[in-house]
Amino acid sequence: MAQRKIIHVDCDCFYAAVEMRDDPSLRDVPLAVGGAGGRVVVTTCNYKARAFGVRSAMPGSEARRLCPGLVMVPPDLGKYRAVSQQVMAILRDMTDLVEPLSLDEAFLDVSDISDHKGSATLMARHLRERVKREVGITISAGVAPNKFLAKIASDWRKPDGLFVITPEEVQAFVEALPVEKLFGVGQVTAGKLHALGVETCGDMQALGADVLIEKFGKQGYRLFEMAHGRDERPVVVSRVAKSVSVERTFSQDLPGKEACESVMPALVADLNLRLARKGRDKPIHKLFVKIRYSDFSTHTLERVRDTVAEPAPEDYQPLLDELVSNRDRPVRLMGVGVRFRNDEAPVTQLRLFD
């Protein structure tokens with residue numbers, strides 16, 4: 001089997017990072033995001049708060065005791081979801097093989113990607129730069145031959161870090177790896193391993209599979225595999241791409257509709273490039289245009305266009321005409337896209353009694 005190249009990306013203190021991005025006054029204070037009400041629990045916190053020992057899932061009262069200057073803000077899940085979608089869209093630009101684990105982390109399988117000289121390290125660097133530039137938060141990334149090692153690697157240089165484990169480095173890396181770093185090894189399992197004289201994965205290798213299985217059952221075999229840095233799990237893509245789009249934020253606002261029209265051909269060319277990369281086997285159902293004005297109000301318009309195989313600028317012109325009624329209103333962002341027909345959805349109605 002060919003060697004896999006896996007990237008794991010993890011947004012740094014995600015909710016707190018979004019709040020600091022949107023309110024500069026929060027950037028230099030210990031900050032926690034947590035639920036409202038009497039029993040506040042810390043959902044996430046920034047690194048200034050972590051320096052005081054504040055951790056996620058900690059009661060707010062304890063967090064304030066550890067860090068008297070702690071600023072608590074309530075979570076805004078709608079906003080975090082929107083930022084997460086932005087990050088995931090950037091990842092899916094690189095490859096369709098993206099497996100999100102939560103709003104703020106995902107695996108990518110980039111084994112077959114030829115962009116960036118086919119180097120997973122360069123791809124990870126590119127993703128980190130794009131997220132920083134376009135989303136305004138930092139992500140840490142780990143690059144490795146499998147999911148287990150990539151996830152450990154992304155945590156290695158947090159925050160805002162990149163760590164790479166090449167196939168040649170796996171053996172030396174895992175030999176020195178403390179057992180506490182292994183997924184699923186909490187205090188109890190770590191305690192049992194320490195009692196056996198096991199501190200590192202190297203010690204676990206020496207102990208052997210039989211002893212581990214005898215002491216830990218099925219988990220013992222998993223521990224033995226992890227101790228050797230082995231993990232055959234593929235990246236699992238659960239979603240079918242429902243749409244493809246491109247958008248551009250302009251460093252200087254476009255002065256009005258005429259400027260939008262002049263930008264349209266380049267946007268549509270980018271869209272067709274992306275469609276070619278994602279495969280043209282899906283029938284297009286709708287076209288849509290998105291406009292964000294200088295006051296940040298955002299408007300999207302979509303129309304059914306079943307007959308379009310390869311979108312052209314003139315296909316989008318009627319949508320732009322309908323969407324932009326004020327010719328001289330400055331535009332900050334413009335996007336174009338397609339939605340696919342969902343042929344996977346069951347069309348036949350099942351009879352109740354068969």
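# Exercises on a predicted model

Ring pairs link Phe-14, Tyr-15 and Tyr-80 into a cluster. The model is predicted, and the exercises below start from this cluster.

## Exercise 1. An aromatic pair

Classify the ring pair of Phe-14 and Tyr-15, and state whether each of the two residues is buried or exposed.

Solution.
- Step 1. The structure contains six aromatic pairs.
- Step 2. In the pair of Phe-14 and Tyr-15, the ring centres are 5.8 Å apart and the planes stand at 55°.
- Step 3. Planes under 30 degrees apart count as stacked and over 60 as edge-to-face, with the rest tilted. The planes of Phe-14 and Tyr-15 are at 55°, so this pair is tilted.
- Step 4. Buried means under 20% relative accessible area. Phe-14 has 2%, so Phe-14 is buried. Tyr-15, at 17%, also counts as buried.

## Exercise 2. Packing of α4 and α5

Describe how helix α4 (residues 77–94) packs against α5, then place Arg-130 in that picture.

Solution.
- Step 1. The axes of α4 and α5 are 10 Å apart, and the packing angle is about 145°. The crossing is right-handed.
- Step 2. On the α4 side, the contact is made by Gln-86, Val-87, Ile-90, Leu-91, Asp-93 and Met-94. On the α5 side, Met-123, His-126, Leu-127, Arg-130, Val-131 and Glu-134 take part.
- Step 3. Sorted by class, the residues of this contact are seven nonpolar, two polar and three charged.
- Step 4. An α-helix has 3.6 residues a turn, so residues three or four places apart point the same way.
- Step 5. Arg-130 lies in α5. Its relative accessible area is 16%, so Arg-130 is buried.
- Step 6. With residues up to four places away in sequence not counted, Arg-130 touches Ile-90, Asp-93 and Val-135. Ile-90 and Asp-93 belong to the α4 side of the contact.

## Exercise 3. Packing of α10 and α11

Give the geometry and the residue classes of the contact between α10 and α11.

Solution.
- Step 1. Helix α10 covers residues 209–216 and helix α11 covers residues 218–227. Their axes come within 6 Å and cross at roughly 145°.
- Step 2. The crossing of α10 and α11 is right-handed.
- Step 3. From α10, the contact uses Ala-209, Leu-212, Ile-213 and Phe-216. From α11, it uses Lys-218, Gln-219, Gly-220, Tyr-221, Leu-223 and Phe-224.
- Step 4. These residues divide into seven nonpolar, two polar and one charged.

## Exercise 4. Helix α6 and the loop after it

Why is α6 described as largely enclosed, what caps its N-terminal end, and where is the cis peptide bond?

Solution.
- Step 1. The buried residues of α6 are Lys-147, Phe-148, Leu-149, Ala-150, Ile-152, Ala-153 and Ser-154.
- Step 2. Helix α6 spans residues 147–154, and seven of its eight residues are buried, so the rest of the structure largely encloses it.
- Step 3. The N-terminal cap is Asn-146, which has a side-chain oxygen 3.3 Å from the backbone nitrogen of Phe-148.
- Step 4. The peptide bond from Lys-158 to Pro-159 is cis, with omega near -5°. Pro-159 is located in the loop between α6 and β8 (162–164).

## Exercise 5. Positive phi outside glycine

Locate Ala-57 and Lys-117, give phi for each, and state whether they are buried or exposed.

Solution.
- Step 1. Ala-57 has phi near 75°, a positive value in a residue other than glycine. Its place is the loop between α2 (47–50) and α3 (60–66).
- Step 2. Exposed means over 50% relative accessible area. Ala-57 is at 62%, so Ala-57 counts as exposed.
- Step 3. Lys-117, not a glycine either, has a positive phi of about 60°. Lys-117 sits in the loop between β6 (105–109) and α5 (120–134).
- Step 4. Lys-117 is at 79% relative accessibility, so Lys-117 counts as exposed.

## Exercise 6. The surroundings of Glu-180

Which residues does Glu-180 contact beyond its sequence neighbours, and with which side chain does its own make a polar contact?

Solution.
- Step 1. Glu-180 lies in the loop between α7 (170–175) and α8 (187–195). At 41% relative accessibility, Glu-180 counts as partly exposed.
- Step 2. With neighbours within four places in sequence left aside, Glu-180 is in contact with Val-185, Ala-190, His-194 and Glu-199.
- Step 3. The polar contact is with the side chain of His-194, at 2.9 Å.

How values were computed
Residues numbered from 1 in each chain as written. Predicted model: local features only at pLDDT ≥ 70, side-chain atom pairs only at ≥ 80, totals over all residues. Heavy atoms only, no water. Axes fitted to C-alpha atoms, helices over the stretch in contact; angles between N-to-C directions. Helix = DSSP H or I, 4+ residues; strand = E, 2+ residues; numbered from the N terminus. Left-handed = near helix turned anticlockwise from the far one by under 90°. Contact = heavy atoms within 4.5 Å. Nonpolar A, V, L, I, M, F, W, Y, C, P; charged D, E, K, R; others polar. Buried < 20%, exposed > 50% of the residue type's maximum accessible area, 1.4 Å probe, protein only. Polar contact = N/O pair within 3.5 Å; in protein donor to acceptor, adjacent residues only side chain to side chain. Phe/Tyr/Trp six-rings, centres within 6.5 Å; stacked < 30°, edge-to-face > 60°.
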